Amino acid sequence: YFEDKRYWKKWFPANLIIEMRAQVRLWFYSLLFMAVTLENKAPYKNVFAYEEVRDEKGEVMHKSKGNAIWFDDAVEKMGADIMRLIYISHKPQFNLNFGYTIAKETEKPIKVIWNLGNYVQIYSKFNKKQKSLEAKDIVSKWIISRRENTKKLATQYLEELKPNKAIEVIMNFLLEDLSRTYGQFIREDLENKKEIQYTLYKSFLEGLTLLSPFLPFITEKMYKDIYKNKESIFLENWPKYNPKLIDKKLEENFEKTKLVIQDILAEREKIKLGIRWPLNSVIITNKNSNSLKQFINIIKTQTNIKEIILKEGENHVSLDTKMTPILEAEGFVRELTRRIQDLRKKSKLNKENKIELCIALDDPNLLENFKAEIQKKTGSISINISNKFDKLYAYKDKIIIRNKQFELGFNLK
């Protein structure tokens with residue numbers, strides 16, 4: 001201040017000062033007192049304060065008490081990114097409880113994001129050297145809108161010095177929107193539709209880039225494994241949102257649709273009828289049934305129901321639970337397909353491995369009309385459906401579905 005006033009003015013006032021709340025009467029006050037005395041001006045533009053770090057029980061940490069956790073020990077045992085997520089997710093106006101049990105819970109969402117990265121990598125089959133277009137289906141339009149909204153909100157919260165709210169919207173986008181919802185809804189189309197692959201690929205990249213300042217190590221690892229656009233994820237530009245791609249009405253109606261799907265699945269649970277067993281119809285009564293019309297195909301797919309009937313009125317769903325022979329046969333096919341896929345996994349086969357499949361049951365005619373579907377979904381080059389095995393099979397299993405016994409067998413081709 002006294003020796004180089006010009007240099008000092010470059011840094012005065014500070015844009016941001018961060019310390020614990022107790023510094024309001026200590027360091028913050030000392031700086032303020034001196035700055036006002038010398039310059040008649042506050043020495044900082046923004047103040048970010050937080051509360052204490054306690055142990056897992058909420059008690060003050062003391063070396064003598066034996067509940068202190070040292071940084072070197074914590075970062076070695078739980079990892080830096082987990083520590084960072086614990087701190088950044090916490091509301092700064094409250095004390096933070098810290099410990100290894102909390103770390104294990106915090107690790108779970110990070111594992112989901114890691115698995116999502118593997119999923120993206122597996123299905124990124126489009127030509128990355130060619131210009132790609134994002135998908136135009138209703139679910140993809142929704143995830144694009146959610147992505148742009150997330151970019152907008154995360155940036156806004158960081159500028160407002162609300163990092164806990166920024167990480168909340170970023171994690172919600174990656175975990176709930178992209179992984180659990182979009183990943184589920186596009187599952188049947190992901191293998192062959194390049195636009196959907198690209199939409200997933202781009203959305204994960206931008207979500208990962210938003211996450212990188214908070215979790216730098218895991219995001220850098222995933223970026224280098226999946227994208228490799230630049231030497232580091234930290235050389236990517238901060239994602240800017242496109243307001244033209246945000247559709248608030250679509251997002252609102254999509255949330256209503258998700259609630260309807262949950263209600264239907266809850267009704268299925270009440271009657272003990274799993275999602276693999278198709279039903280003929282459902283009557284959906286809703287206060288604004290028009291808002292659900294564009295999502296009818298999604299509701300059909302996600303609830304495994306043939307016909308959706310919309311009515312205006314108080315929110316309610318009513319299932320037609322009558323099980324016809326055709327519907328029952330479809331249910332058996334879905335269950336068998338899953339069991340065959342499970343047997344493939346237990347046998348440590350890759351997706352590329354083809355098999356010759358045999359299904360033995362008392363009534364082979366039950367599955368006769370579904371041979372092509374089973375063959376396609378199980379990676380089989382041939383399929384034999386009969387009342388007994390026609391030869392020896394290296395991989396076998398006996399299962400019972402709804403009191404019907406099936407024998408499964410296949411050989412690797």
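Is Phe28 buried or exposed? Select Phe28: with a relative accessible area of 4%, this residue is buried (under 20% relative accessible area; exposed is over 50%, partly exposed in between; 1.4 Å probe, protein chains only). The model is predicted, so local features need pLDDT of at least 70 and side-chain atom pairs count only at pLDDT 80 or more, while totals for chains, interfaces and linings use all residues. Residues are numbered from 1 along each chain as its sequence is written, and side-chain values use heavy atoms, with hydrogens and water left out.

**Aromatic rings**

Add Trp27 to the selection. Trp27 is partly exposed, at 41% relative accessibility. Across the whole structure, a search finds 20 aromatic pairs (rings of Phe, Tyr and Trp, the latter by its six-membered ring, with centres within 6.5 Å). The ring centres of Trp27 and Phe28 are 6.1 Å apart and their planes meet at 35°, so the pair is tilted (stacked is under 30 degrees, edge-to-face over 60, tilted the rest). Next, select Phe126, Tyr198, Tyr201, Tyr223 and Tyr227, which ring pairs link into a cluster.

**Helices 6 and 7**

Select residues 138–159 (helix 6) and 163–185 (helix 7). Helices (H or I, at least four residues) and strands (E, at least two) are DSSP runs, numbered from the N terminus. The two helices pack at about 170° with axes 8 Å apart; axes are lines fitted to C-alpha atoms, for helices over the stretch in contact, and angles run from 0 to 180 degrees between N-to-C directions. Helix 6 is therefore roughly antiparallel to helix 7 (over 145 degrees). Contact (heavy atoms within 4.5 Å) involves residues including Trp142, Ile143 and Leu153 of helix 6 and Val169, Phe173 and Phe185 of helix 7. By class, this contact has 15 nonpolar (Ala, Val, Leu, Ile, Met, Phe, Trp, Tyr, Cys and Pro), four charged (Asp, Glu, Lys and Arg) and four polar residues (the others, Gly among them).

**The sheet**

Now show strands 5, 6 and 7. These three strands form an open sheet in the order 6-5-7, with mixed pairing (at least two DSSP bridges between two strands). Strand 6 (305–312) and strand 7 (316–320) are the edges, each pairing on one side only. Neighbouring strands are turned by 20° against each other on average, direction ignored. Strand 5 (residues 279–286) pairs with strand 6 in the parallel sense over seven bridges; zoom to Val282, whose bridge partner in strand 6 is Ile308.

Finish with two helices on these strands. Helix 10 (residues 248–270) lies across strand 5, strand 6 and strand 7, at about 45° to strand 7. Helix 11 (residues 296–303) lies across strand 5 and strand 6, at about 130° to strand 6.

Technical notes
Parallel < 35°, antiparallel > 145°, perpendicular 65-115°, else oblique.
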